[in-house]
Amino acid sequence: MKPIDNKKRRTWWAVPFIAIIGLTLYGCPSQQNLAGSSDAAQKVYVAPGEHDEFYGMFSGGYSGQMTVYGLPSGRHLYTIPVFSQAPVSGYGYSEETKPMLQTTHGFIPWDDAHHPEMSQTDGVPDGRWIFINANNTPRVARIDFANFQTAEIIEIPNAAGNHASPFVTTNTEYISAATRFSIPMDEETLENQDVSISSYAENFKGTLSFIKVGEEGEMNIDFQILVPGFNYDLSHAGKGPSADWSFFTSYNTEEAHTLLERNASRNDKDFIAAVNWRKAAELVANGEGREIPAPHYRNYMDHNEQRAKSELVETVTVIDPIENPGIIYYLPTPKSPHGVDVDPSGRYIIGGGKLSSVLPVHSFEKMIEAIENEDFEGEVDGIPVLNYDSVIHAEVENAGIGTLHTEFDGKGYAYTTAFISSEVVKWSLETFEVVDRIDTYYSPGHLMIPGGDSMQPEGKYLVALNKITKDRYLPTGPELFHSAQLIDISGDKMELLLDFPTDGEPHYAQGIAADIVKERQIRFYQLEENNHPAATKTEADTRVERDGNNVHVYMTTIRSHFAPDNIEGIKVGDKVYFHVTNLEQDWDVPHGFAMLGARTAELLIMPGETRTLVWEPQKPGVYPFYCTDFCSALHQEMQGYARVSPAGSNVPISYGTGN
């Protein structure tokens, strides 16, 4: 439809429970409509030995990991352990990586990863890092594209659930994060309180967090903004004229505390929170806000020593909008909005109202004008609520049922997922009319266009991340992998090219041209730069040392043997540390290390790297160890033995590697 004439605007969004009606009417699309075209296979074919055009970085959802796919082939290239222990690499099991999962709640070995977001320069993905959030225990991780490994994880205090996270500003100055669940907070300390849940409206509050990103990617929480006790759902930063702002959707403005599927759907409009992060940052830099105790961990990989370290940060700075007006405003948005997306020009803010029959498009220019004119229809806890009629630019009609997320092709079109009607809808940013739609299989949540949430979308492919897969692949019992569908958006009409299973429950994905990333790859770690305190850089330096009941084995590995490979003098009651250094200086030649009876299955050690496995033998005997990663024709021969004697025995420490 045309941009809104405010005086004539119709209130289509006020239709309640349209989603339930839609669910009944629509169901799932037919298989016939979902078959690829005859030339689709050719369009996604990447010949053996050739590379895909794009990296697709998919969140792993409840797997806690991130999966890497090539596009357009859909090849699964790699899995990056982030918030979960990973047997495939020993991440979270080895002594060097355990600190990455440290929190103020203790060691958390498994979490729920939702939204990957790439670093940007001038509003364009730059291939340096990708960030992702942990939804359950609030955290944000940074992954380095040089080695596709998790480099840092920071915990977010004063938050419960971390869904609207982590979305970057145009030059990666800040990452935003918001509490999903508001909690009862002490007025002074923001500590979680022991109060009746029925006192929700009186006691519950939320926070929006802004994490500052340093030149090397290091993260610290610069400030938090205290907000009313709604549920904060998703976010995106502004661009161009709106680059100093970040936007957050909220629902449950009713402040209900039970049966939210009904009680949080009563209001015709909820809010998008517009935050002037630059102004807030300037206030904090000038000493505004109050510093409160808020212990939280920052875990990071010390590349010099090749091991993760944890530091406990004791405080955060909190800003109260009542004391610091002008940093946050609410944009009324129908109805229970989920996604909030900013078009490449930075002029439009689109809210995905999952219970709304229209897709609202706010104008950033009108928003600023309304703020300057104090065109408010009320306020909540000191936060002005702007007049909906004054900030709305257009309402896209017939955009599907259950609209969730929107991305852009850079050619003047937007693409929105409709969860309930199982489709992707293409609409014009000029006329705000729907111009095309395509069925998906089934129920898409997020969608991704490489660069599609930046100022420079690639505009060639779209990936729909679908929640339900039944009937699409060979059955695998009651559980099926979720589905990604690759859609060609280069022409006027969208065309389904490929679908492929995805690991975990992917919530979001990011895509980037392969050429930006692949030239940055580390192929192996320089052995001379390995400053791990337990590194052993030559076989001549290998040794076994006893320190009370602790036995340290300084071991090397290279195709196709360990040094030492025979060890004696270990006793029941000892704690044995195998510090294994991979001497290889060649690409793609990791070595594994597994010990019979160890409660950690294995290590995987990259070329030039040192990793440590702890073993506490329970009974006397001779125990084999071996390499778990096939590395050469004599891989099977890459093994050794450790002898364990009874506690109190006098077998001396001895070791060796043949003659």
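Strand 39 pairs with strand 46 (residues 654–656) in the antiparallel sense, over 3 bridges. Within this pairing, I567 stands opposite Y655 of strand 46. The model is predicted. Strand 39, which covers residues 566–571, has another partner: strand 45 (residues 639–645). Here the sense is parallel, and the count is 4 bridges. I570 finds its bridge partner in V644 of strand 45. Strand 39 thus takes part in an antiparallel pairing with strand 46 and a parallel pairing with strand 45.

Next comes an open sheet. Its 4 strands run in the order 31-32-33-34, and the pairing is antiparallel. Which strands form the edges? They are strand 31 (444–448) and strand 34 (495–502), each of which pairs on one side only. From one strand to the next, the twist averages 25°. Strand 32 (residues 461–466) and strand 33 (residues 482–488) are joined by 6 bridges in the antiparallel sense. N466 stands opposite S483 of strand 33. In a regular strand, side chains alternate between the two faces of the sheet.

Now turn to the largest pocket. It holds about 1,300 Å³ of space. The lining counts 43 residues, and those closest to the pocket centre are Y78, N147, F148, Q521 and W587. Which elements supply at least two residues each to the lining? Four strands do: strand 1 (54–59), strand 2 (65–71), strand 3 (76–81) and strand 9 (149–155). Helix 8 (514–518) does too. Strand 3 gives the largest share of the lining, with 5 residues. By residue class, the lining of the largest pocket divides into 22 nonpolar, 11 polar and 10 charged.

Last, the cysteines. How many disulfides does the structure hold? The number is 0. A disulfide is a covalent bond between the sulfur atoms of two cysteines. C627 is in no disulfide, and its nearest cysteine sulfur, that of C631, lies 4.3 Å away. The cut-off for a disulfide is a sulfur pair within 2.5 Å, so this pair does not count as one. C631 is likewise in no disulfide, with the sulfur of C627 as its nearest cysteine sulfur. Are these cysteines buried or exposed? C627 is buried, at a relative accessible area of 2%. C631 also counts as buried, at 15% relative accessibility.

Notes:
Residues are numbered from 1 along each chain as its sequence is written. This is a predicted model: local features need pLDDT of at least 70, side-chain atom pairs count only at pLDDT 80 or more; totals for chains, interfaces and linings use all residues. Side-chain values use heavy atoms; hydrogens and water are left out. Buried means under 20% relative accessible area, exposed over 50%, partly exposed in between (1.4 Å probe, protein chains only). Two strands pair if DSSP finds at least two bridges between them. Axes are lines fitted to C-alpha atoms, for helices over the stretch in contact, and angles run from 0 to 180 degrees between N-to-C directions. On a 1 Å grid over the protein atoms alone, a cavity is a set of points where a 1.4 Å probe fits but cannot get out, and a pocket is an open set with protein on both sides within 12 Å along at least five of seven lines; lining residues have an atom within 4 Å of a point. Grid points are joined across faces, edges and corners, and a volume is the space filled by probe spheres set on the points. Ala, Val, Leu, Ile, Met, Phe, Trp, Tyr, Cys and Pro count as nonpolar, Asp, Glu, Lys and Arg as charged, and the others, Gly among them, as polar.
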